[in-house]
Amino acid sequence: MKVKICGIKNTKEAKCLIDNSVDFIGMVMFFEKSKRNIDESRAKEIIEFVKGKIKTVAVAVSPNLEQVDIIKKLGFDYIQIHGIIPKGIEGIDIIKAFNVKDMDELDKYLVRDDIKGILFDAPNPGSGTAFDWNILSGIKKGDKMLILAGGLTPSNVKLGIENVRPDMVDVSSGVEFEQGGKDPEKIITFVRNAKS
């Protein structure tokens, strides 16, 4: 089971991910509303720190092509897009995020070669609330990675994996301190429970 941890803001948090064999690291870009948003210089620093050890994902909401170009220049492996994928995007692998309320659009993304993964999130991404996993039963994903997100925690990740059988689980708020910032103990437990 692959694990992705999102909303990483500094190299200290990134080191914790490397030390615990996390597979993908997510960084929020160009979304000022998020308390996890980071700027280009911070993203560059983290990417250089983890290079060759962990796959990097820029998390963006309806980015424009100029923002996509910056993400590519920074050297991210993937871009995870919530909302609208801009027309003319090329040269980077995409993870398309779905809030469970826009599931009817799934088929049009499954046929695209540049989309490598489909991520299923709660209706309010970043809220830390889970959704009804039964919605995903019998879902056709083709050759895409199926990524389960939304409200996962160290205590329910095993259940989520048993119910959905994803290729990867994704967590952000579920491994944070109450006051924000990543909690190393929660990360250790989450990874152990996901991979056991």
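A residue is called buried under 20% relative accessible area, exposed over 50%, and partly exposed in between, with a 1.4 Å probe and protein chains only. The model is predicted, so local features need pLDDT of at least 70 and side-chain atom pairs count only at pLDDT 80 or more, while totals for chains, interfaces and linings use all residues. Residues are numbered from 1 along each chain as its sequence is written, and side-chain values use heavy atoms, with hydrogens and water left out.

**Exercise 1. Classify A14 and list what A14 touches.**

Solution.
Step 1. Place the residue: A14 belongs to helix α1. Helices (H or I, at least four residues) and strands (E, at least two) are DSSP runs, numbered from the N terminus.
Step 2. Compare with the cut-offs: the relative accessibility of A14 is 0%, so A14 counts as buried.
Step 3. List the contacts, where contact means heavy atoms within 4.5 Å. Not counting residues up to four places away in sequence, A14 touches I8, I25, I46, F49 and V50.
Step 4. Add a distance: A14 and A43 are 29 residues apart along the chain, and their C-alpha atoms are separated by 11 Å.

**Exercise 2. State which residues of helix α2 are buried, and where they lie around the axis.**

Solution.
Step 1. Helix α2 covers residues 40-50, and its buried residues are A43, I46, I47 and V50.
Step 2. Seen down the axis of α2, these buried residues fall within an arc of 100°, so they line one face of the helix. The arc is that of the directions from the helix axis to the C-beta atoms.
Step 3. S41 and E48, on the other side of α2, are exposed.
Step 4. The packing partners of the buried residues of α2 are α1 (11-19), β2, β3, β4 (55-61) and α3 (65-74).
Step 5. After α2 comes G52, with a positive phi near 80°.

**Exercise 3. Repeat the analysis for helix α5.**

Solution.
Step 1. In α5 (residues 157-164), the residues V157, G160, I161 and V164 are buried.
Step 2. These residues cover an arc of only 100° around the axis, which puts them on the same side of α5.
Step 3. They pack against β8 (145-148), β9 (168-171) and α6 (184-195).
Step 4. R165 follows just after α5 and takes a positive phi of about 55°.

**Exercise 4. Describe F30 and R165, two residues with positive phi.**

Solution.
Step 1. F30 is not a glycine, yet its phi is positive, about 55°. For R165, also a residue other than glycine, phi is near 55°.
Step 2. Locate each residue: F30 is in the loop between β2 (24-29) and β3 (37-38), and R165 is in the loop between α5 and β9.
Step 3. Classify each residue: F30 has 24% relative accessibility and counts as partly exposed. R165 has a relative accessible area of 61% and is exposed.

**Exercise 5. Describe the surroundings of M29 and of N10.**

Solution.
Step 1. M29 is in strand β2, and at 1% relative accessibility M29 counts as buried.
Step 2. Beyond four places in sequence, the residues that M29 touches include N37, I38, A58, V59, L74 and F76.
Step 3. D39 is 10 residues away from M29 along the chain, and their C-alpha atoms are separated by 6.7 Å.
Step 4. N10 is in the loop between β1 (2-5) and α1. With 26% relative accessibility, N10 counts as partly exposed.
Step 5. Leaving aside neighbours within four places in sequence, N10 is in contact with R42 and I46.
Step 6. The C-alpha atoms of N10 and S21, 11 residues apart along the chain, are separated by 17 Å.

**Exercise 6. Explain why the chain is as compact as a globular protein of its length.**

Solution.
Step 1. Count the elements: the chain has six helices and nine strands.
Step 2. The radius of gyration is 15 Å, close to the 16 Å that the globule rule gives for 196 residues, so the chain is as compact as a globular protein of that length. The radius is taken over C-alpha atoms, and the rule is 2.2 Å times the number of residues to the power 0.38.
Step 3. Give the extent: the C-alpha trace spans about 40 × 40 × 30 Å along its principal axes.
Step 4. Give the burial: 50% of the 196 residues count as buried.
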